[in-house]
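Welcome to a short tour of one protein model. Have the viewer open and follow along strand by strand.

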Amino acid sequence: MAGRNETAVSHDGDIVRIQGRAVRMDFMVRDAFWADDRAVVLLDPTAYLDNPTYGAQRRRSRDPIHNLRAYAPSGEMLWQAEQPEFEDHYYMIESREPLVALSFSGHRCDLDLASGKILKSTKLK
(Lines give C-alpha, C1' and ligand atoms only; values in the text may rest on other atoms or scores of the structure.)
Protein backbone atom coordinates (compact mmCIF):
# COMPACT_ATOMS: atom_id res chain seq x y z
CA MET A 1 0.00 0.00 0.00
CA ALA A 2 1.45 3.29 -1.11
CA GLY A 3 0.27 5.38 1.86
CA ARG A 4 2.12 3.13 4.31
CA ASN A 5 5.33 3.32 2.26
CA GLU A 6 5.21 7.11 2.24
CA THR A 7 4.46 7.58 5.94
CA ALA A 8 6.17 4.68 7.73
CA VAL A 9 9.63 6.33 7.74
CA SER A 10 10.77 9.94 8.00
CA HIS A 11 14.01 11.62 9.00
CA ASP A 12 15.30 14.91 10.33
CA GLY A 13 19.00 15.41 11.03
CA ASP A 14 20.27 12.28 12.76
CA ILE A 15 16.81 11.06 13.84
CA VAL A 16 14.82 8.49 11.87
CA ARG A 17 11.19 7.91 12.76
CA ILE A 18 10.10 4.35 12.04
CA GLN A 19 6.33 4.09 12.34
CA GLY A 20 6.44 6.91 14.91
CA ARG A 21 9.37 5.53 16.94
CA ALA A 22 12.41 7.86 17.04
CA VAL A 23 15.78 6.19 16.49
CA ARG A 24 19.00 8.22 16.73
CA MET A 25 21.62 7.39 14.10
CA ASP A 26 25.42 7.68 14.37
CA PHE A 27 25.50 10.39 11.69
CA MET A 28 23.17 12.67 9.76
CA VAL A 29 20.68 10.89 7.51
CA ARG A 30 20.82 11.42 3.77
CA ASP A 31 17.81 9.22 2.89
CA ALA A 32 15.37 6.90 4.68
CA PHE A 33 12.44 4.91 3.33
CA TRP A 34 10.28 1.84 3.88
CA ALA A 35 10.94 -1.21 1.71
CA ASP A 36 10.19 -4.91 2.21
CA ASP A 37 8.89 -4.44 5.78
CA ARG A 38 11.96 -2.57 6.99
CA ALA A 39 13.35 0.94 7.17
CA VAL A 40 16.33 1.42 4.88
CA VAL A 41 18.60 4.28 5.99
CA LEU A 42 21.45 5.93 4.08
CA LEU A 43 23.69 7.88 6.45
CA ASP A 44 25.69 10.85 5.20
CA PRO A 45 29.14 9.34 4.55
CA THR A 46 30.97 12.63 5.16
CA ALA A 47 29.18 13.60 8.38
CA TYR A 48 32.13 12.50 10.54
CA LEU A 49 34.08 15.47 9.14
CA ASP A 50 31.84 17.77 11.23
CA ASN A 51 32.85 15.97 14.44
CA PRO A 52 35.09 18.29 16.54
CA THR A 53 37.39 15.38 17.47
CA TYR A 54 37.99 14.42 13.83
CA GLY A 55 41.19 16.51 13.53
CA ALA A 56 42.78 14.77 16.50
CA GLN A 57 41.73 11.31 15.35
CA ARG A 58 42.36 11.54 11.62
CA ARG A 59 45.85 10.04 11.86
CA ARG A 60 44.44 6.90 13.44
CA SER A 61 43.24 4.17 11.13
CA ARG A 62 39.51 3.70 11.37
CA ASP A 63 37.03 1.16 10.20
CA PRO A 64 35.18 2.10 7.04
CA ILE A 65 31.76 3.65 7.56
CA HIS A 66 28.97 1.19 6.81
CA ASN A 67 26.43 3.84 5.99
CA LEU A 68 23.60 1.86 4.40
CA ARG A 69 21.54 0.02 7.00
CA ALA A 70 18.16 -1.59 7.56
CA TYR A 71 16.07 -1.41 10.72
CA ALA A 72 13.07 -3.34 12.02
CA PRO A 73 9.94 -1.40 13.04
CA SER A 74 11.20 -1.75 16.65
CA GLY A 75 14.34 0.23 15.76
CA GLU A 76 16.64 -2.80 15.94
CA MET A 77 19.35 -2.81 13.26
CA LEU A 78 18.84 -5.77 10.91
CA TRP A 79 21.90 -5.34 8.71
CA GLN A 80 24.63 -3.04 7.44
CA ALA A 81 25.05 -3.31 3.68
CA GLU A 82 28.01 -5.11 2.24
CA GLN A 83 30.33 -2.68 0.48
CA PRO A 84 31.99 -3.33 -2.89
CA GLU A 85 35.42 -2.25 -1.62
CA PHE A 86 36.89 -2.13 1.91
CA GLU A 87 37.14 1.65 2.28
CA ASP A 88 34.05 2.50 0.24
CA HIS A 89 30.66 3.94 1.12
CA TYR A 90 27.32 4.52 -0.58
CA TYR A 91 26.35 8.04 -1.57
CA MET A 92 23.03 7.58 -3.37
CA ILE A 93 20.06 5.23 -3.67
CA GLU A 94 19.26 4.71 -7.35
CA SER A 95 16.27 2.41 -6.76
CA ARG A 96 14.34 1.49 -3.63
CA GLU A 97 12.72 -1.77 -4.76
CA PRO A 98 14.80 -3.48 -5.98
CA LEU A 99 17.44 -1.84 -3.80
CA VAL A 100 20.23 -0.37 -5.94
CA ALA A 101 22.88 1.93 -4.47
CA LEU A 102 25.81 3.83 -5.97
CA SER A 103 29.16 3.79 -4.19
CA PHE A 104 31.85 6.44 -3.99
CA SER A 105 34.34 4.15 -5.76
CA GLY A 106 32.06 3.92 -8.80
CA HIS A 107 30.10 0.72 -8.24
CA ARG A 108 26.40 0.25 -8.95
CA CYS A 109 25.28 -2.40 -6.46
CA ASP A 110 22.08 -4.42 -6.48
CA LEU A 111 21.52 -5.31 -2.82
CA ASP A 112 19.39 -7.96 -1.15
CA LEU A 113 16.77 -6.20 1.00
CA ALA A 114 16.63 -9.20 3.34
CA SER A 115 20.36 -9.33 4.15
CA GLY A 116 22.18 -6.27 2.77
CA LYS A 117 24.45 -8.53 0.69
CA ILE A 118 25.52 -7.48 -2.79
CA LEU A 119 23.70 -9.50 -5.42
CA LYS A 120 25.40 -7.85 -8.39
CA SER A 121 28.05 -5.14 -8.69
CA THR A 122 28.88 -3.20 -11.85
CA LYS A 123 31.93 -0.91 -12.08
CA LEU A 124 30.82 2.41 -13.62
CA LYS A 125 34.18 4.17 -13.89
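What follows is a walk through the confidence of the model, its sheets, and one serine.

**Confidence**

Please keep in mind that this is a predicted model. The mean pLDDT of the protein is 87, with 82% of its residues at 70 or more. Residues 1-5 deserve some care: the pLDDT there is below 50, and this stretch has four contacts in the model beyond near neighbours in sequence.

**The S4-S5-S6-S7 sheet**

Starting with the sheet that comes earlier in the chain numbering, you will find an open, antiparallel arrangement of four strands in the order S4-S5-S6-S7. At its edges stand strand S4 (29-35) and strand S7 (77-80); each has a single partner strand, so one side of each is left without a neighbour in the sheet. From one strand to the next, the twist averages 20 degrees. Inside this sheet, strand S5 (residues 38-43) and strand S6 (residues 68-71) run antiparallel and are joined by four bridges. One of the pairs to look for is leucine 42 with its bridge partner in S6, leucine 68.

**The S8-S9-S10-S11 sheet**

Four strands also make up an open sheet in the order S8-S9-S10-S11, again with antiparallel pairing. Strand S8 (90-95) and strand S11 (118-123) are the edge strands, pairing on one side only. Neighbouring strands here are turned by 25 degrees against each other on average, direction ignored.

Strand S9 (residues 99-103) is a good place to pause. On one side, four bridges join S9 to S8 in the antiparallel sense, and the two strands form a hairpin with three residues between them. S9 also pairs with strand S10 (residues 107-111), antiparallel and over four bridges. S9 and S10 form a hairpin as well, with three residues between them, and glycine 106 in that turn has a positive phi of about 95 degrees.

Here are some residue pairs across these strands:

| Residue in S9 | Residue opposite | Strand of the opposite residue |
|---|---|---|
| valine 100 | serine 95 | S8 (90-95) |
| leucine 102 | methionine 92 | S8 (90-95) |
| alanine 101 | cysteine 109 | S10 (residues 107-111) |

How many of the five residues of S9 are buried? Five of the five are, so S9 is largely enclosed by the rest of the structure. Their side chains divide between two directions: Leu99, Ala101 and Ser103 point one way, Val100 and Leu102 the other way, and all are buried.

**A closer look at serine 103**

Serine 103 belongs to strand S9. Is serine 103 buried or exposed? Its relative accessibility is 2%, and because buried means under 20%, serine 103 counts as buried.

Which side chain makes a polar contact with the side chain of serine 103? The partner is the side chain of aspartate 88, at 2.9 Å. Aspartate 88 also appears in the wider surroundings of serine 103: leaving aside neighbours within four places in sequence, the serine is in contact with Pro84, Asp88, His89, Tyr90 and Tyr91. Of these, Tyr90 and Tyr91 lie in the stretch assigned to strand S8 (90-95), the strand that is joined to S9 by four bridges.

Notes: Residues are numbered from 1 along each chain as its sequence is written. This is a predicted model: local features need pLDDT of at least 70, side-chain atom pairs count only at pLDDT 80 or more; totals for chains, interfaces and linings use all residues. Side-chain values use heavy atoms; hydrogens and water are left out. Two strands pair if DSSP finds at least two bridges between them. Axes are lines fitted to C-alpha atoms, for helices over the stretch in contact, and angles run from 0 to 180 degrees between N-to-C directions. Buried means under 20% relative accessible area, exposed over 50%, partly exposed in between (1.4 Å probe, protein chains only). A polar contact is a pair of N or O atoms within 3.5 Å; within protein, one must be able to donate a hydrogen and the other to accept it, and residues adjacent in sequence count only if both atoms are side-chain atoms. Contact means heavy atoms within 4.5 Å. pLDDT is the predictor's confidence in each residue, from 0 to 100.
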